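Here is a friendly walk through one protein model, written for someone who likes to think in atoms and distances. Please keep the viewer open as you read.

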Amino acid sequence: MIIAFALLQDVPFINPANVVFVYMLVRELVDERVATEPELQAVVLTCLYLAYSYMGNEISYPLKPFLVEDSRDAFWDRCLGIVRAMSSKMLRINAEPAYFTEIFSELKACGTLNSVLQSA
């Protein structure tokens, strides 16, 4: 559903820069403390929301697709926590091409590893 909304925008969300940005957030925020599938979904959807808004696109559709809890406060608290924890890396990935390339290479390596594991 979120991807369908993103595809309707003038500037497509699914592009290498945004995918790398989302990957950077998710790899830092998903760890052993994320214990359940609903928690994982909440973190990933929040990362998508932040990436979409941070990368300069106007969010002109409802917040509802990003919410998995009954409380909007939980979503906004998670947003603020992510921004506090990741703001330096969020700025760095846009300011330093070498850092972007490092994250992009890591993401490509994950895809390559996944392909190798699936074919084994």
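The protein has five helices and zero strands, and from the N terminus on its elements run α-α-α-α-α. Please keep in mind that this is a predicted model.

**Overall packing**

Of the 120 residues of the protein, 31% count as buried. The accessible surface comes to about 7600 Å², and carbon and sulfur atoms make up 60% of that area. If you take the contacts in the protein with a separation of 6 or more, 68% of them are between residues 24 or more positions apart.

**The nonpolar core**

The largest nonpolar core holds 25 residues, and Met24 and Leu25 touch the most other members. Two or more residues of this core come from each of α2 (16-29), α3, α4 and α5 (97-119). The element that gives the most is α2, with seven residues.

Met24 is a good residue to click on next. Leaving out residues up to four places away in sequence, Met24 touches Met86, Lys89, Met90, Ile93, Tyr99 and Ile103.

**Thr46, a polar residue inside**

Where is the place of Thr46? Thr46 sits in helix α3, which spans residues 37-54. Its relative accessible area is 0%, so Thr46 is buried, the cut-off being under 20%. What does the side chain of Thr46 reach? The partner is the backbone oxygen of Ala42, at 2.7 Å. Beyond its neighbours within four places in sequence, Thr46 is in contact with Phe75, Arg78, Cys79 and Ile82. Two of these names, Phe75 and Arg78, come back below.

**Aromatic pairs**

How many aromatic pairs does a search of the whole structure find? The search finds five. In one of them, the rings of Tyr49 and Phe66 have their centres 5.2 Å apart. Their planes stand at 75°, so this pair is edge-to-face, for which the angle must be over 60 degrees. The pair links distant parts of the chain, since Tyr49 is in helix α3 and Phe66 is in the loop between α3 and α4 (72-95), 17 residues apart. Both Tyr49 and Phe66 are buried.

Phe75 and Trp76 form another edge-to-face pair, with 4.9 Å from centre to centre and 80° between the planes. Are Phe75 and Trp76 buried or partly exposed? Phe75 has a relative accessibility of 0% and therefore counts as buried, whereas Trp76, at 37%, counts as partly exposed. Ring pairs link Tyr49, Phe66, Phe75 and Trp76 into a cluster.

**Salt bridges**

A search of the whole structure finds six salt bridges. The table shows some of them, with the N to O distance and the relative accessibility of each partner.

| Salt bridge | N to O distance | Accessibility of Arg | Accessibility of the acid |
|---|---|---|---|
| Arg27 and Glu28 | 3.1 Å | Arg27: 26%, partly exposed | Glu28: 28%, partly exposed |
| Arg33 and Asp31 | 2.5 Å | Arg33: 64%, exposed | Asp31: 23%, partly exposed |
| Glu69 and Arg78 | 2.8 Å | Arg78: 17%, buried | Glu69: 28%, partly exposed |

Arg33 counts as exposed because its relative accessibility of 64% is over 50%. Its partner Asp31, at 23%, counts as partly exposed. Arg78 counts as buried because its 17% falls under 20%, while its partner Glu69 is partly exposed at 28%. Arg78 is also one of the residues in contact with Thr46.

Which residues are linked in a network of salt bridges? The network is made up of Arg27, Glu28, Lys89 and Glu106. Within it, the side chains of Arg27 and Glu28 meet at 3.1 Å. Lys89 also appears among the residues that Met24 touches.

**Putting it together**

A few residues tie these topics to each other. Phe75 is in contact with the buried Thr46 and belongs to the aromatic cluster with Tyr49, Phe66 and Trp76. Arg78 touches Thr46 and meets Glu69 in a salt bridge. Lys89 touches Met24 and is a member of the salt-bridge network. Met24, in turn, is one of the two residues that touch the most other members of the largest nonpolar core.

Note on methods:
Residues are numbered from 1 along each chain as its sequence is written. This is a predicted model: local features need pLDDT of at least 70, side-chain atom pairs count only at pLDDT 80 or more; totals for chains, interfaces and linings use all residues. Side-chain values use heavy atoms; hydrogens and water are left out. Helices (H or I, at least four residues) and strands (E, at least two) are DSSP runs, numbered from the N terminus. Buried means under 20% relative accessible area, exposed over 50%, partly exposed in between (1.4 Å probe, protein chains only). A polar contact is a pair of N or O atoms within 3.5 Å; within protein, one must be able to donate a hydrogen and the other to accept it, and residues adjacent in sequence count only if both atoms are side-chain atoms. Contact means heavy atoms within 4.5 Å. Rings of Phe, Tyr and Trp (its six-membered ring) pair if their centres lie within 6.5 Å; planes under 30 degrees apart count as stacked, over 60 as edge-to-face and the rest as tilted. A salt bridge is a side-chain nitrogen of Lys or Arg within 4 Å of a carboxyl oxygen of Asp or Glu. Accessible areas come from the Shrake-Rupley method with a 1.4 Å probe; for residues, only the protein chains shown count as cover. A nonpolar core is a set of buried Ala, Val, Leu, Ile, Met, Phe, Trp, Tyr and Cys residues joined through side-chain atoms within 4.5 Å.
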